[in-house]
Amino acid sequence: MSGENAAVGPGGRPGPVDVNIGAGFEAVFLDPVGRAVQQRWMDAAVAVAFEDLDPVSAFPVIPGRRWGPGLWWSATTGRHVAAGSNAMRIQLMVLDRAPDVTGLAGRPVQLLWRDRQGRVRSWVPQLFARYRDGTALLADCPSCPDTGGERALAAAEAVSAACEEIGWSYRRLPPLEGALAANLKWLAGYRHPRHRGRTGLLEAVVDEFERPRPLVEGVAAVGDPIEVLPVAFHALWAGLLEAAIDVPLHERVLVQAPASGGGLGLPGARDSSTDGLRAGAGIREVG
């Protein structure tokens, strides 16, 4: 029933559908009014803005886990993205900082296909990212390499093949190292544009780091660290300043504007909200 509305179950989730996908892939997704639609994968990939859609099904809640499903406020889109785990939130942070990413969504599409025995199989990738050139990434965010077992690995092969057909990509994104993950969480707390500070302050901070210098020295040269540090952290998040973030951040970490000039027109300063870290917080070591 390619291209027709599929049945909708409780809570707006796709219900049982009369699958008829032949030898190809099909996509199931929710349209803008919440109706489940099943369509040929190649047609849906061209016509559907998956980055604008709600999750096709809810992230599971697993008792006993410290982290559960929630929302990530995206600096790229200015909207919330559904996230199912801490591992996925970390990967959303990585993609949210990437300058070539223009859209993000959590679980917006379910893929259907038949295996060699003719049995219908399905998989819902956790994450969708749209790139500036129109291509896209479907990804899962396992907390360890064997998460999901053989079924997840078999699905990864199928979804990778589906993406290859249309010039997209699929990846099982590996967990980040501890220091890098911690630093991204810290900088993400300053991703909201309010941390650009008063008029002209962000430009002054970027200019002060035209040449590499310790963070604390450049900040002090601009003004009161209580006011200036949040602006420097925002600039580091937005890519207007650079520093090594795969080692613990500290007050004497070397910071500089990118060789390209750091985007002094400030197009890279993304709009988003904080994770509750206060604008006046002082520098701390993250590890």
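**Exercise 1. Compare the span of helix H2 (residues 86-97) with the expected value, and list the buried residues of H2.**

*Solution.* Start with the length: helix H2 (residues 86-97) has 12 residues. Next, take the distance from its first C-alpha to its last, which is 17 Å in this predicted model. At 1.5 Å a residue, 16 Å is expected, and the span of H2 is close to that. Finally, look at burial: the buried residues of H2 are Met88, Arg89, Ile90, Gln91, Leu92, Met93, Leu95 and Asp96.

**Exercise 2. Find which residues of helix H5 (residues 201-208) are buried, and work out how they are arranged around the helix.**

*Solution.* Begin by picking out the buried positions of H5, namely Leu201, Leu202, Val205 and Val206. Now look down the axis of H5: these buried residues line one face of the helix, because they fall within an arc of 135°. A general rule helps here: an α-helix has 3.6 residues a turn, so residues three or four places apart point the same way. As a last step, ask what the buried residues of H5 pack against: their partners are helix H6 (215-222) and H7.

**Exercise 3. Describe the largest nonpolar core, then look for a second one.**

*Solution.* The largest nonpolar core has 50 residues. Within this core, Leu215 and Leu241 touch the most other members. Helix H7 (residues 225-238) supplies the largest share, with 9 residues. Separate from this core is a second one of 27 residues, with Phe29, Trp123, Val159 and Tyr170 among them.

**Exercise 4. Place Thr77 in the chain and trace its surroundings.**

*Solution.* First, locate the residue: Thr77 sits in the loop that runs between strand S3 (70-73) and strand S4 (80-83). Then follow its side chain, which reaches the backbone nitrogen of Arg79 at 3.1 Å. Now set aside the neighbours within four places in sequence; Thr77 is then in contact with Thr102, Gly103 and Leu104.

**Exercise 5. Decide whether Cys141 and Cys144 are buried, partly exposed or exposed, and count the disulfides.**

*Solution.* Cys141 has 3% relative accessibility, and therefore counts as buried, the cut-off being under 20%. Cys144 has a relative accessible area of 31%, so this residue is partly exposed. As for disulfides, the structure holds 0.

**Exercise 6. Sum up the protein chain as a whole.**

*Solution.* Count the secondary structure: there are 7 helices and 12 strands. Turn to burial: 45% of the 287 residues count as buried. To finish, consider contacts with a separation of 6 or more; residues 24 or more positions apart account for 66% of them.

Technical notes. Residues are numbered from 1 along each chain as its sequence is written. This is a predicted model: local features need pLDDT of at least 70, side-chain atom pairs count only at pLDDT 80 or more; totals for chains, interfaces and linings use all residues. Side-chain values use heavy atoms; hydrogens and water are left out. A nonpolar core is a set of buried Ala, Val, Leu, Ile, Met, Phe, Trp, Tyr and Cys residues joined through side-chain atoms within 4.5 Å. Buried means under 20% relative accessible area, exposed over 50%, partly exposed in between (1.4 Å probe, protein chains only). Helices (H or I, at least four residues) and strands (E, at least two) are DSSP runs, numbered from the N terminus. The arc is that of the directions from the helix axis to the C-beta atoms. Contact means heavy atoms within 4.5 Å. A polar contact is a pair of N or O atoms within 3.5 Å; within protein, one must be able to donate a hydrogen and the other to accept it, and residues adjacent in sequence count only if both atoms are side-chain atoms. A disulfide is a pair of cysteine sulfur atoms within 2.5 Å. The expected span of a helix is 1.5 Å times one less than its number of residues.
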